[in-house]
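Open the model in your viewer, keep the selection tool handy, and follow along stop by stop.

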Amino acid sequence: MCDHAGCSQNTNRTCEECLKNVSCLWCNTDKACLDYPVTKILPPSSLCKLSSARWGVCWVNFEALTIALSVLGGALLLGVACCCCLCCCGRRRSRRPDKSDERAAREREERRVRQEERRAEMKSRHDEIRRKYGLFREENPYARFENN
């Protein structure tokens, strides 16, 4: 299907014919099919300018591919950094309540204590009135009959 003899035999043909072999690089300026320099990530400008170099597909040059992959990688790193930051800040916030939470809890406790005090005060007042008028409930309801 693909001829692996060499990329130079596809020079002065079409980009599609050159790129059928994955080890080939098409240079659009001089219509040359070159062996991809596998020792380097990007082809050197002495071989072919990045704006004219094509590899894999003919419709994307190396310059656009480099920019697109850089933006995509940067966005990915930024997203991961934001997620890590949110996770760390969220965990730290959930461990330690902030000042407004502490203040609200303190106010709730103060209200509960005041209400308990009011209940105790009302109960003692009611008990005093019951004693005054002889309506105080005794421990044993039959105790009054035994004393007579």
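Which residues form a positive surface patch? Select R108, R111, R114 and R118, because under the rule that Lys and Arg count as positive these arginines make up that patch. While you have them highlighted, look at R118, which belongs to helix α3, spanning residues 99-133. Keep in mind throughout that this is a predicted model.

**Getting your bearings**

Switch to a cartoon view and colour by secondary structure. The protein chain has 4 helices and 4 strands. Trace the chain along its sequence and you will pass through them in the pattern α-β-β-β-β-α-α-α. Of its 148 residues, 17% count as buried.

**The disulfides**

Now show the cysteine side chains as sticks. How many disulfides does a search of the whole structure find? The search turns up 4. Number the bonded cysteines of the protein chain in sequence order, and the pairing reads 1-4, 2-8, 3-6, 5-7. Three of these bonds make good stops.

*Stop one: C7 and C24.* Select this pair and you will see a disulfide with an S to S distance of 1.8 Å. It links distant parts of the chain: C7 sits in the segment before α1 (15-18), while C24 is in strand β1 (residues 24-27), 17 residues apart. Look along the S-S bond of C7 and C24: the torsion is about -90°, so this disulfide is left-handed. Are the two ends buried or exposed? C7 counts as buried, at 1% relative accessibility, and C24 is buried with a relative accessible area of 1%.

*Stop two: C15 and C58.* Move the selection to C15 and C58, whose sulfur atoms are 2.0 Å apart in a disulfide. C15 lies in helix α1 and C58 in strand β4 (residues 57-61), so the bond ties together parts that are 43 residues apart in sequence. The torsion about the S-S bond of C15 and C58 is about -105°, so this disulfide is left-handed. Turn on the surface and check both ends: C15 is buried, and so is C58.

*Stop three: C18 and C33.* Next, pick C18 and C33, joined by a disulfide with an S to S distance of 1.9 Å. Here C18 lies in helix α1 and C33 in strand β2 (residues 32-35), so the pair ties together parts that are 15 residues apart in sequence. What is the handedness of the C18 and C33 disulfide? With a torsion of about 85° about the S-S bond, it is right-handed. Both C18 and C33 are buried.

**Cysteines without a partner**

Keep the sticks on and go further along the chain to C83. Why is there no bond from C83 to C87? The sulfur of C87 is the closest cysteine sulfur to that of C83, but at 6.4 Å it is too far for a bond. C83 counts as partly exposed, at 48% relative accessibility.

Then select C88, which is in no disulfide. The nearest cysteine sulfur to C88 is that of C84, 6.4 Å away. C88 is partly exposed, with a relative accessible area of 41%.

**One last look**

To finish, show the bonded pair C7 and C24 together with C83. You will have a buried cysteine, C7, and a partly exposed one, C83, in one view.

Conventions: Residues numbered from 1 in each chain as written. Predicted model: local features only at pLDDT ≥ 70, side-chain atom pairs only at ≥ 80, totals over all residues. Heavy atoms only, no water. Disulfide = S-S within 2.5 Å. Helix = DSSP H or I, 4+ residues; strand = E, 2+ residues; numbered from the N terminus. Buried < 20%, exposed > 50% of the residue type's maximum accessible area, 1.4 Å probe, protein only. Patch = residues over 30% accessible without salt bridge, like charges linked within 9 Å, V, L, I, M, F, W, Y side chains within 5 Å. Areas by Shrake-Rupley, 256 points an atom, 1.4 Å probe, with all protein chains shown as cover. Salt bridge = Lys/Arg side-chain N within 4 Å of Asp/Glu carboxyl O. Charge placed at Lys NZ, Arg CZ, Asp CG, Glu CD.
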